[in-house]
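Thanks for making time for this today. I would like to walk through one structure with you, moving from single residues to the way the helices pack, and then to the cysteines.

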Amino acid sequence: MKSPVHRCRDVEHGRAQGRAGARANCQQAEQRIPISKDVITSSAASAMWFIRDACGIVCALITWLLVLYADFVVLFVMLLPSKNLTYSIVNGTLFNILAFLALASHLRAMCTDPGAVPKGNATKEYIESLQLKPGQVVYKCPKCCSIKPDRAHHCSVCKRCIRKMDHHCPWVNNCVGENNQKYFVLFTMYIALVSLHSLVMVVFHFLYCFEDDWTTGNPHQKHHQQVTRECSSFSPPATVILLILLCFEGLLFLIFTSVMFGTQVHSICTDETGIERLKGETGQWGNLPYWEAMQAAFGGPPSLAWCSPFAQLSCKKSPPGHVPVPQGTIIEEDVIEIPLN
């Protein structure tokens, strides 16, 4: 089993400095206290969150364009040309609701602070303000110079330590962490449902068109033209290409998002993040029961709010009464023992 120092180190931290001191303090690991969540988030909780990463921004734009392409094909290629008004209204409404919820979940996952620890709070003044007892040990991230609470890891893209960081996802241009995991789960769920719905409609559309002899060699030319208009507003070759591309997109994202959805739900139920499993850190904390973990991740007892990306969304500004982080010189040591020298 790895030492508590190793489990609290930076994900990409490869420096040898500080490890000797970490081993020397292993016997004091049980004296380490978790830093209060309210203290470490209060100074940045109300700030707008957006990661300026070129790759992530491009991936996020591609995600939106793919959803809009699917919506275009479903509406203008399959539903609007159909003469079955009930079929078009029901499927068009359902598809657009799912697509809207998917994009809203994507936006919340991208623009929600995943649980970042404030930068530069590893100062003597700040640590003294925590009123720790002699013999207790706290750890500093050498990259963002912040005091790392339990289960926090450093992200090289966000350049911050993230509480309960699962992974950094370029498709949402953000880390998946303690505060936005719900929105990422909803995003994967709604994308999977949108993909499944589009695939089902494409199959029915192909069956209907081929059943009515949607071919260029039909001797009944007048009937052929009428069927073509009912199948699509585009020419048969263009329609086939658009539907094949939609099939490929739907199948690919159905598989990918279904796997991600299952992985995230499993992580929530077991109260283990992807990084913790990868580094073998599982079982080193008191894991919550799966039902309590689900309620903690989704914000309360089971309700329709679990499926809504707009739950806990408020336009009101947060009160200014946050706890300021005392300014001062950053402490050089990565393992900080109380009392300070």
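Ile255 sits in helix H9, and with a relative accessible area of 52% it counts as exposed. In this model, which is a predicted one, the C-alpha atom of Ile255 lies 7.7 Å from that of Ala192, although 63 residues separate the two in sequence.

Staying with helix H9, which spans residues 236–270, let me turn to its packing against helix H4, residues 54–79. Two packed helices are described by the angle between their axes and the distance between the axes. For H4 and H9 the angle is about 135 degrees and the axes are 10 Å apart. Why do we call H4 and H9 oblique to each other? An angle over 145 degrees would count as roughly antiparallel and 65 to 115 as roughly perpendicular, and because about 135 degrees falls in neither range, the pair is oblique. The crossing of these two helices is left-handed. On the H4 side, the contact is made by Leu66, Val67, Tyr69, Ala70, Val73, Val74, Val77 and Met78, while H9 contributes Thr239, Leu242, Leu243, Leu245, Leu246, Glu249 and Phe253. Sorted by character, the residues of this contact comprise 13 nonpolar, one polar and one charged.

H4 also packs against helix H5, residues 85–111. Here the axes come within 11 Å and cross at roughly 175 degrees, so that H4 and H5 are roughly antiparallel to each other. From H4, the residues that meet H5 include Ala60, Thr63, Trp64, Val67, Ala70 and Asp71, and among their counterparts in H5 are Tyr87, Ser88, Asn91, Phe95, Leu103 and Met110. The residues of this contact divide into 13 nonpolar, six polar and one charged. Val67, Ala70 and Val74 of H4 are listed in the contact with H9, and Val67, Ala70 and Val74 are also listed in the contact with H5.

Moving past H5, we reach Pro114, which is placed in the loop between H5 and helix H6, residues 124–129. Is Pro114 buried or exposed? Its relative accessibility is 0%, so Pro114 counts as buried. Leaving aside neighbours within four places in sequence, Pro114 is in contact with Trp49, Ile162, Arg163, Asn174, Cys175, Gly177, Glu178, Asn179 and Asn180. The C-alpha atom of Pro114 is also 8.8 Å from that of Lys164, a residue 50 places away along the chain.

Gln181 lies in helix H7, residues 181–211, and at a relative accessible area of 14% Gln181 is buried. With its neighbours within four places set aside, Gln181 is in contact with Asp166, Val176, Gln264, Ser267 and Ile268.

Next, a word on backbone geometry. Most residues other than glycine have a negative phi. Asp271, however, is not a glycine and has a positive phi of about 55 degrees. Asp271 is found in the loop between H9 and helix H10, residues 274–278, and is buried, with a relative accessible area of 6%. Cys145 likewise has a positive phi, near 55 degrees, and its place is in the loop between strand S1, residues 137–139, and strand S2, residues 152–155. Cys145 is partly exposed, at 23% relative accessible area.

That brings me to the cysteines, since someone will probably ask about them. How many disulfides does a search of the whole structure find? The answer is zero. For Cys55, the closest cysteine sulfur is that of Cys59, at 4.2 Å, which is too far for a bond, given that a disulfide needs the two sulfur atoms within 2.5 Å. Cys155 is in no disulfide either, and the nearest cysteine sulfur, that of Cys175, is 3.2 Å away. As for surroundings, Cys55 counts as partly exposed at 48% relative accessibility, whereas Cys155, at 3%, counts as buried.

To finish with the chain as a whole, there are eleven helices and six strands, and buried residues make up 47% of the 341 residues. Of the contacts between residues at least 6 apart in sequence, 74% join residues at least 24 apart.

Key: Residues numbered from 1 in each chain as written. Predicted model: local features only at pLDDT ≥ 70, side-chain atom pairs only at ≥ 80, totals over all residues. Heavy atoms only, no water. Buried < 20%, exposed > 50% of the residue type's maximum accessible area, 1.4 Å probe, protein only. Axes fitted to C-alpha atoms, helices over the stretch in contact; angles between N-to-C directions. Helix = DSSP H or I, 4+ residues; strand = E, 2+ residues; numbered from the N terminus. Parallel < 35°, antiparallel > 145°, perpendicular 65-115°, else oblique. Left-handed = near helix turned anticlockwise from the far one by under 90°. Contact = heavy atoms within 4.5 Å. Nonpolar A, V, L, I, M, F, W, Y, C, P; charged D, E, K, R; others polar.
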